[in-house]
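Dear colleague,

I am passing on a structure that you have not worked with before, and my notes on it follow below. Please read them with the model open beside you.

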Amino acid sequence: ILIGVTFAWSATQTRSDNRREDRRISADRAAAEQVRQNTTLNDYFRQMSELMLNKNLLSSKPGDAVRSVARTVTLTTLRRLDGSRKGEVVRFLQEARLIEGLKVRARVPVVLLEGADLSFADFTDANLRGADLSYLNLSYANLTGAFLPLAGLAYSNLTGANLTRAFLANADCTKANLTDANLTEANLADAQLEGANLTDANLTGATGLPKKSR
């Protein structure tokens, strides 16, 4: 009996030790991933600052090599970041006036985000007025309370996106995929919704919707 109890206790202790070790390894990996993501984000800010300050990115013209570099660096970085940090990248670009669309400027954005993966990105309460966010993957992005007047969202995938209380007045949502999107209390006054897919979208309390979209 004593031998059996000893073996049982030993086995229990071993399992407990293994669980503690697994938790420690998991925590170490999570911490390392956070460091990696922060490093990636900081490197991106450094590279873009270099392009703006020393390579005249802001005053560049369509077709200039510096714009291609900025786009490549941006798309590559976005693929390596989580939702929160993707949001930081876009906010940075917006504040630097690098992604303002044709409705705000009389020319195409300095940095074209077309084709970027912004799935699960966090844009809570972000000011994205006039931003060109067309042809993007914004599936399951959090746009709660986002300020998006005059923004371009044409042909973007917004499946499952949270647009609760988002301000989308005069936004271009032409042929955007809004399947299962949450548009509760969103303001869609004068938004362009031609061809937009609103299948199973939550439009509770949404204002400004054309009658045929309700």
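**Two arginines of one helix**

The side chain of R71 comes to 2.6 Å from the backbone oxygen of L112. Please keep in mind throughout that this is a predicted model. R71 belongs to helix α2, which covers residues 65–78, and with a relative accessibility of 28% R71 counts as partly exposed. Once the neighbours within four places in sequence are left aside, the contacts of R71 are V111, L112, L113 and E114, so that L112, whose backbone oxygen the side chain reaches, also appears in this list because the two residues have heavy atoms within 4.5 Å. A little further along the chain, A116 is 45 residues from R71 in sequence, while the two C-alpha atoms are 9.7 Å apart in space.

Helix α2 also holds R67, and here the picture is that of a buried residue without a salt bridge, the nearest side chain of opposite charge being D64 at 5.7 Å. The distance to D64 is 5.7 Å, and a salt bridge requires a side-chain nitrogen within 4 Å of a carboxyl oxygen, which is why this pair is not counted as one. Not counting residues up to four places away in sequence, R67 touches L57, S60, K61, P62, V108, P109 and V110.

**A buried aspartate and a threonine**

D132 lies in the segment after α3, and it too is buried and has no salt bridge, with R71 as the nearest side chain of opposite charge at 9.0 Å. What the side chain of D132 does have is a polar contact of 2.6 Å with the side chain of S134. Beyond the residues up to four places away in sequence, D132 touches I99, G101, P109, L112, L113 and G152; P109 is also among the residues that R67 touches, and both L112 and L113 are in contact with R71.

T124 is likewise placed in the segment after α3, and its relative accessible area of 29% makes it partly exposed. Two polar contacts involve its side chain, one of 2.6 Å with the side chain of D122 and one of 3.1 Å with the side chain of N142. N142 also appears, together with R91 and T144, among the contacts of T124 that remain when neighbours within four places are set aside. G87 is 37 residues from T124 in sequence, and the C-alpha atoms of the two are 8.6 Å apart.

**The nonpolar core**

In soluble globular proteins, nonpolar side chains tend to be buried together. In this model the largest nonpolar core has 58 residues, of which M48, F123, L133 and L163 touch the most other members. Helices α1 (2–54), α2 and α3 each contribute at least two residues to this core. To take one of the four named members, L133 touches V90, L113, L128, L138, L148, G152, L153 and S156, leaving out residues up to four places away in sequence.

**Aromatic pairs**

There are 6 aromatic pairs in the count. One of them joins Y44 and F92 edge-to-face, with 6.2 Å from centre to centre and 75 degrees between the planes. This pair links distant parts of the chain, since Y44 is in helix α1 and F92 in helix α3, 48 residues apart. Y44 is buried, with a relative accessible area of 0%, and F92, at 17% relative accessibility, counts as buried as well. A second pair, F147 with F167, is stacked, the centres being 5.4 Å apart and the planes 20 degrees. Both of these rings are in the segment after α3, 20 residues apart, and each is partly exposed, F147 at 34% relative accessibility and F167 at 29%. Ring pairs also join Y44, F45 and F92 into a cluster.

**Two backbone angles to look at**

Most residues other than glycine have a negative phi. R97, which is not a glycine, has a positive phi of about 60 degrees; R97 is found in the segment after α3 (83–95) and, at 47% relative accessibility, counts as partly exposed. D180 also has a positive phi, near 65 degrees, and is placed in the segment after α3, where its relative accessible area of 46% makes it partly exposed.

With kind regards

How values were computed. Residues are numbered from 1 along each chain as its sequence is written. This is a predicted model: local features need pLDDT of at least 70, side-chain atom pairs count only at pLDDT 80 or more; totals for chains, interfaces and linings use all residues. Side-chain values use heavy atoms; hydrogens and water are left out. Helices (H or I, at least four residues) and strands (E, at least two) are DSSP runs, numbered from the N terminus. Buried means under 20% relative accessible area, exposed over 50%, partly exposed in between (1.4 Å probe, protein chains only). A polar contact is a pair of N or O atoms within 3.5 Å; within protein, one must be able to donate a hydrogen and the other to accept it, and residues adjacent in sequence count only if both atoms are side-chain atoms. Lys and Arg count as positive and Asp and Glu as negative; His and the chain ends are not counted. A nonpolar core is a set of buried Ala, Val, Leu, Ile, Met, Phe, Trp, Tyr and Cys residues joined through side-chain atoms within 4.5 Å. Rings of Phe, Tyr and Trp (its six-membered ring) pair if their centres lie within 6.5 Å; planes under 30 degrees apart count as stacked, over 60 as edge-to-face and the rest as tilted.
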